[in-house]
Amino acid sequence: MIISQRERGGGMQTICIWCGSALDAVAIQQEARRPITKGLCTACRNDVVKQGDISALVKFLDESDAPLLLMQGNPRQVVTANQEACALVEKDLSRIEQHRGGQVFDCIHSLSEAGCGKDKQCENCKIKNAVVGTFITGTSFNGVSTILEIKKHAEINAYDIQVTTEKVGDYALLKIDRYERRD
């Protein structure tokens, strides 16, 4: 998938979505393997993943039109989220930051005594396992789908949720591809 193109010298040229510089064939192939940060040139990707400095990651989240959560590995909590993610889960940032994923989505198992990710029901959670797998192996997981029981407005409903994960430095990005109440 080509992220951005511009016309130059009679043809189309693929460019970095961040800085606008041209991507060569090797860079295009490398960027295509990254499901969330796809389309960033090597220099921009390195700027985004600077160790210990999340300001570039926050800027990346803010400029994306996809709902994104930035996760830390230990403890496995959300560091920050963009406005699209906040709007999707109907929460302000203070109710997302430093919370586990199930708490962000209002999964009923996050309300148990053991808590999100530690409840017996969480062992087979596809979202949790994708995030953990991304941290452990560095592998991206694309389009992981599951059904979560969500408690919103004092009622419990099933939601179809689909996410994509990608390791970025010491963090993992989680893109919410789908978050829909089942009828």
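Contact here means heavy atoms within 4.5 Å of each other, and helices (H or I, at least four residues) and strands (E, at least two) are DSSP runs numbered from the N terminus. The structure is a predicted model, in which local features need pLDDT of at least 70 and side-chain atom pairs count only at pLDDT 80 or more, while totals for chains, interfaces and linings use all residues. Residues are numbered from 1 along each chain as its sequence is written, and side-chain values use heavy atoms, with hydrogens and water left out.

Helix H3 (residues 55–63) is a good place to start. Its buried residues (under 20% relative accessible area; exposed is over 50%, partly exposed in between; 1.4 Å probe, protein chains only) are Ala56, Leu57, Phe60 and Leu61. Viewed down the axis of H3, these buried residues fall within an arc of 140°, so they line one face of the helix; the arc is that of the directions from the helix axis to the C-beta atoms. The buried residues of H3 pack against helix H2 (42–48) and against strands S3 (68–72), S4 (78–81), S6 (155–168) and S7 (171–181).

Turning to charged pairs, a salt bridge is a side-chain nitrogen of Lys or Arg within 4 Å of a carboxyl oxygen of Asp or Glu, and the count comes to 6. In one of them, Arg182 pairs with Asp160, with the closest N and O atoms 3.1 Å apart. This pair links distant parts of the chain, 22 residues apart: Arg182 lies in the segment after S7 and Asp160 in strand S6. Lys120 also forms a salt bridge, with Glu123, at 3.7 Å between the closest N and O atoms. Lys120 counts as exposed at 62% relative accessibility, whereas Glu123, at 45%, counts as partly exposed.
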